[in-house]
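Student: I have a model open and would like to learn to read it feature by feature. Can we go through it together?

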Amino acid sequence: ARRMLGRTLLIRLMRNEAELKSCMENDVAAAQSDLRFLTAEQLLLLRVPTLSFATEAGSHSARISFLEAVDRQLFSKLPGRCRRGG
């Protein structure tokens with residue numbers, strides 16, 4: 001089964017060892033499908049440093065899709081966390 005092929009990139013991003021804007025597009029695209037395995041806290045570690053990342057440039061399409069996927073995963077997991085009280 002395919003699981004966490006983008007693990008290395010996600011770990012580097014969460015540890016602030018890499019910035020999303022400097023990652024290769026194909027690495028970002030590959031890591032996107034692994035976002036579903038992350039907790040809300042891990043998703044926040046990815047999202048907070050990129051809150052000011054705003055571009056419409058076609059060269060950043062994988063990064064934009066990645067951030068949209070982070071947001072979708074985060075918003076799908078947060079209600080459950082709130083109901084459980086944290």
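Tutor: What follows is a walk through the helices, the buried faces, the salt bridges and a few single residues.

Tutor: Some ground rules come before that. This is a predicted model, where local features need pLDDT of at least 70, side-chain atom pairs count only at pLDDT 80 or more, and totals for chains, interfaces and linings use all residues. Residues are numbered from 1 along each chain as its sequence is written, and side-chain values use heavy atoms, with hydrogens and water left out.

Student: Fine. How many helices and strands are there in the protein chain?

Tutor: Helices (H or I, at least four residues) and strands (E, at least two) are DSSP runs, numbered from the N terminus. Here the protein chain has 4 helices and 0 strands, in the order α-α-α-α from the N terminus on.

Student: How do I read burial, and what share of the protein chain counts as buried?

Tutor: Buried means under 20% relative accessible area, exposed means over 50%, and partly exposed is in between (1.4 Å probe, protein chains only). In this case 30% of the 86 residues count as buried. As for the total, the accessible surface comes to about 5500 Å², with 53% of that belonging to carbon and sulfur atoms; such areas come from the Shrake-Rupley method with a 1.4 Å probe, and for residues only the protein chains shown count as cover.

Student: Where do the buried residues of α1 sit around the axis?

Tutor: The general idea: an α-helix has 3.6 residues a turn, so residues three or four places apart point the same way. In α1 (residues 7–14) the buried residues are Leu9, Leu10, Leu13 and Met14. They cover an arc of only 130° around the axis, so they are on the same side of α1. The arc is that of the directions from the helix axis to the C-beta atoms.

Student: And which residues of α3 are buried?

Tutor: Ala40, Leu43, Leu46 and Arg47. These buried residues line one face of α3, because they fall within an arc of 115° seen down the axis.

Student: Which residues does Leu13 touch?

Tutor: Contact means heavy atoms within 4.5 Å. Leaving out residues up to four places away in sequence, Leu13 touches Ala18, Glu19, Leu20, Cys23, Leu46 and Phe66. Leu13 counts as buried at 7% relative accessibility. Its C-alpha atom is separated by 6.3 Å from that of Leu46, and the two residues are 33 apart along the chain. Chain-wide, 74% of the contacts between residues at least 6 apart in sequence join residues at least 24 apart.

Student: How many salt bridges does a search of the whole structure find?

Tutor: Side chains of opposite charge can pair when their charged atoms come close. The cut-off used here is a side-chain nitrogen of Lys or Arg within 4 Å of a carboxyl oxygen of Asp or Glu. The search finds 2 salt bridges. One is between Arg63 and Glu25, at 2.3 Å from N to O. That pair links distant parts of the chain, with Arg63 in helix α4 (residues 61–83) and Glu25 in helix α2, 38 residues apart. Arg63 counts as buried at 7% relative accessibility, while Glu25 is partly exposed at 22%.

Student: What about Asp71 and Arg47, how far apart are the closest N and O atoms?

Tutor: They are 2.6 Å apart in that salt bridge. Since Asp71 lies in helix α4 and Arg47 in helix α3, the pair ties together parts that are 24 residues apart in sequence. Arg47 is buried, with 14% relative accessible area. Among the residues Arg47 touches, not counting those up to four places away in sequence, are Leu67 and Val70.

Student: What is the sign of phi at Asn16?

Tutor: Most residues other than glycine have a negative phi, and most peptide bonds are trans. Asn16 has a positive phi of about 60° although it is not a glycine. Asn16 is placed in the loop between α1 and α2, and counts as exposed at 59% relative accessibility.

Student: Is Asp34 buried or exposed?

Tutor: Asp34 is buried, at a relative accessible area of 0%. Asp34 belongs to the loop between α2 (25–32) and α3 (40–47), and its side chain reaches the backbone nitrogen of Gly6 at 2.4 Å.

Definitions and conventions. A polar contact is a pair of N or O atoms within 3.5 Å; within protein, one must be able to donate a hydrogen and the other to accept it, and residues adjacent in sequence count only if both atoms are side-chain atoms.
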